[in-house]
Amino acid sequence: MQIDKLRGEQLDQLFDAILSLNTREECYQFFDDIATMSEIQSLSQRLQVAKMLTEGKTYSAIEQETKASTATISRVRRCINYGSDGYNLVLERLNVK
């Protein structure tokens, strides 16, 4: 996993903080403080791209609906196909696949 390079106390603390959130409103509050609007937009866009890719949507349709670049779409596809299976895990748990 790529993220193994960052593994350690600081990242554990971040993930523990995220796991401590109980409601969507708490997520809004935390992410409003910890991330820029652009960072939050990028993360949510990537998840939407992953959802659409797993639904079999074309790059063109994804680009049009999400405004994601083809580079972003390709990177998300690569993660879905060869990554750590995080997108599939989350999409299955959200029952959006």
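1. Let's start with how far along the sequence the contacts reach. Of the contacts between residues at least 6 apart in sequence, 36% join residues at least 24 apart. Please keep in mind that this is a predicted model.

2. Next, the overall make-up. The chain has 6 helices and 0 strands, so the order of elements from the N terminus reads α-α-α-α-α-α. Along the principal axes, the C-alpha atoms fill a box of roughly 40 × 30 × 25 Å.

3. A word on the surface. The chain has 97 residues, and 18% of them are buried. About 7,500 Å² is exposed, with carbon and sulfur atoms supplying 51% of that area.

4. How do H3 and H6 pack? Helix H3 covers residues 37–54 and helix H6 covers residues 86–93; their axes lie 10 Å apart and meet at an angle of about 80°. Because angles from 65 to 115 degrees count as roughly perpendicular, H3 is roughly perpendicular to H6. On the H3 side, the contact is made by Arg 46, Leu 47, Ala 50, Lys 51 and Thr 54, while H6 brings Tyr 87, Asn 88, Val 90 and Leu 91. Sorted by character, the residues of this contact are 5 nonpolar, 2 polar and 2 charged.

5. Now the charged pairs. Side chains of opposite charge can pair when their charged atoms come close. In this model there are 3 salt bridges. One of them joins the side chains of Asp 4 and Arg 7, with 2.8 Å from N to O. Are these two partners buried or exposed? Asp 4 is partly exposed at 37% relative accessibility, whereas Arg 7 is exposed, at a relative accessible area of 55%.

6. Glu 55 deserves a look of its own. Glu 55 pairs with Lys 51 in a salt bridge whose closest N and O atoms are 2.7 Å apart. Glu 55 also forms a salt bridge with Lys 57, where the closest N and O atoms are 3.7 Å apart. That second distance counts because the limit for a salt bridge is 4 Å. Together, Lys 51, Glu 55 and Lys 57 are linked in a network of salt bridges.

7. How accessible are the members of that network? Glu 55 is partly exposed at 35% relative accessibility, and Lys 57 is partly exposed too, with a relative accessible area of 36%. Lys 51 has 22% relative accessibility and counts as partly exposed, because the buried class is reserved for values under 20%. When you view this region, note that Lys 51 is also one of the H3 residues in the contact with H6.

8. Two backbone spots are worth checking on your screen. Lys 67 has a phi near 65°, a positive value in a residue other than glycine. Where does Lys 67 lie? Lys 67 is in the loop between helix H4 (59–66) and helix H5 (70–82). With a relative accessible area of 66%, Lys 67 is exposed.

9. The other spot is Asp 85, which is not a glycine either, yet has a positive phi of about 75°. Asp 85 sits in the loop between H5 and H6. Asp 85 is partly exposed, with a relative accessible area of 44%.

How values were computed
Residues are numbered from 1 along each chain as its sequence is written. This is a predicted model: local features need pLDDT of at least 70, side-chain atom pairs count only at pLDDT 80 or more; totals for chains, interfaces and linings use all residues. Side-chain values use heavy atoms; hydrogens and water are left out. Axes are lines fitted to C-alpha atoms, for helices over the stretch in contact, and angles run from 0 to 180 degrees between N-to-C directions. Helices (H or I, at least four residues) and strands (E, at least two) are DSSP runs, numbered from the N terminus. Angles under 35 degrees count as roughly parallel, over 145 as roughly antiparallel, 65 to 115 as roughly perpendicular and the rest as oblique. Contact means heavy atoms within 4.5 Å. Ala, Val, Leu, Ile, Met, Phe, Trp, Tyr, Cys and Pro count as nonpolar, Asp, Glu, Lys and Arg as charged, and the others, Gly among them, as polar. Buried means under 20% relative accessible area, exposed over 50%, partly exposed in between (1.4 Å probe, protein chains only). Accessible areas come from the Shrake-Rupley method with a 1.4 Å probe; for residues, only the protein chains shown count as cover.
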